[in-house]
Amino acid sequence: MTTAYLEDDEIQRIASAVADELENRGAAMAALDQRVKEQAERIAELEDKLSAAEAWGHNEVQRANTTADHVIAEYDQRIVVLEALVTELRCGDLHRYFDRELLEDRRAAFDLHLASCGSCQHELAGLMQETVAASGASATKNATATRRTRKR
Ligand SMILES: [Zn+2]
């Protein structure tokens, strides 16, 4: 049975190889640490950009909403004006409606208008009363004429 003893220079060589290896690993760890640090910085940078983009997007959405509100308000205004114009035009049909001179479509449109136009309803009621009064007057006249005829 033989025991192998390492020579001093062999021990020296192994110790130096171990030291080299430790140094390499230390350097690799430091490089890794550096990369982790760089990535963390990059993440922080991207997070800043993201929150800036979110703030910008939020502002843009608000601006778009405000613009949309203005456009809608403008259209509402125009609709009011157009409705007033349509009402005015329809009111102008009242007498022809009463005299049954309107064509079918226009008559139907006036029927719709009449349902919501107080002034046309009022005026139409007046025209009807006038007609009733007029026919009543002529009926009375006729009756008088008849009576006169009978007297003869
Ligand atoms: Zn009217």
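The quantity pLDDT is the predictor's confidence in each residue, on a scale from 0 to 100. I begin there since the structure I am presenting this morning is a predicted model. For the protein chain the average pLDDT is 89, and 91% of the residues reach a score of at least 70. Confidence varies among the helices: helix α2, residues 94-98, has the highest mean at 95, whereas helix α4, residues 118-151, has the lowest at 80.

Let me turn to the overall architecture. The protein chain contains four helices and zero strands, and in sequence order the pattern reads α-α-α-α. The radius of gyration is 51 Å, while the globule rule gives 15 Å for 152 residues; the chain is therefore more spread out than a compact globule. The dimensions of the C-alpha trace, taken along its principal axes, are about 175 × 35 × 20 Å. As for burial, 3% of the 152 residues count as buried.

The domain assignment divides the chain into domain 1, covering 9-92, and domain 2, covering 103-152. Their centres, computed over C-alpha atoms, lie 76 Å apart.

I now come to helix α1, which runs over residues 8-91. What span should its 84 residues have at 1.5 Å a residue? The expected value is 124 Å, and the end C-alpha atoms are 122 Å apart, so the two agree. Helix α1 is also hardly covered, with zero buried residues among its 84.

Two residues illustrate this helix. Val-61 is located in α1. Is Val-61 buried or exposed? It has 10 other C-beta atoms within 10 Å, and a residue with 12 or fewer is classed as exposed, so Val-61 is exposed. From the C-alpha atom of Val-61 to that of Met-128, 67 residues away along the chain, the separation is 58 Å. Arg-78 also belongs to helix α1. Its 10 C-beta neighbours inside 10 Å are why Arg-78 counts as exposed. Between Arg-78 and Ile-14 there are 94 Å in space, C-alpha to C-alpha, for a sequence separation of 64 residues.

Next, the connection between α2 and α3. Arg-100 sits in the loop between these two helices, with α3 occupying residues 104-116. What is notable in the backbone of Arg-100 is a phi that is positive, at about 60°, although the residue is not a glycine. Because Arg-100 has 7 C-beta neighbours inside 10 Å, it counts as exposed.

Helix α3 itself has 13 residues. From first C-alpha to last it reaches 19 Å, close to the 18 Å expected at 1.5 Å a residue. How many of the 13 residues of α3 are buried? The count is one, and this helix, too, is hardly covered.

Finally, helix α4, where the mean confidence is lowest. Leu-127 lies in this helix. With 15 C-beta neighbours inside 10 Å, Leu-127 counts as partly exposed, since that class falls between the limits of 12 or fewer for exposed and 20 or more for buried. The C-alpha atom of Leu-127 is 134 Å from that of Asp-8, and 119 residues separate the two along the chain.

To summarise, the predicted model shows four helices and zero strands, two assigned domains, and a chain more spread out than a compact globule, as its radius of gyration of 51 Å indicates.

How values were computed:
Residues numbered from 1 in each chain as written. Predicted model: local features only at pLDDT ≥ 70, side-chain atom pairs only at ≥ 80, totals over all residues. Rg over C-alpha atoms; globule rule 2.2 N^0.38 Å. Domains from an automatic or database assignment. Expected span 1.5 Å × (residues − 1).
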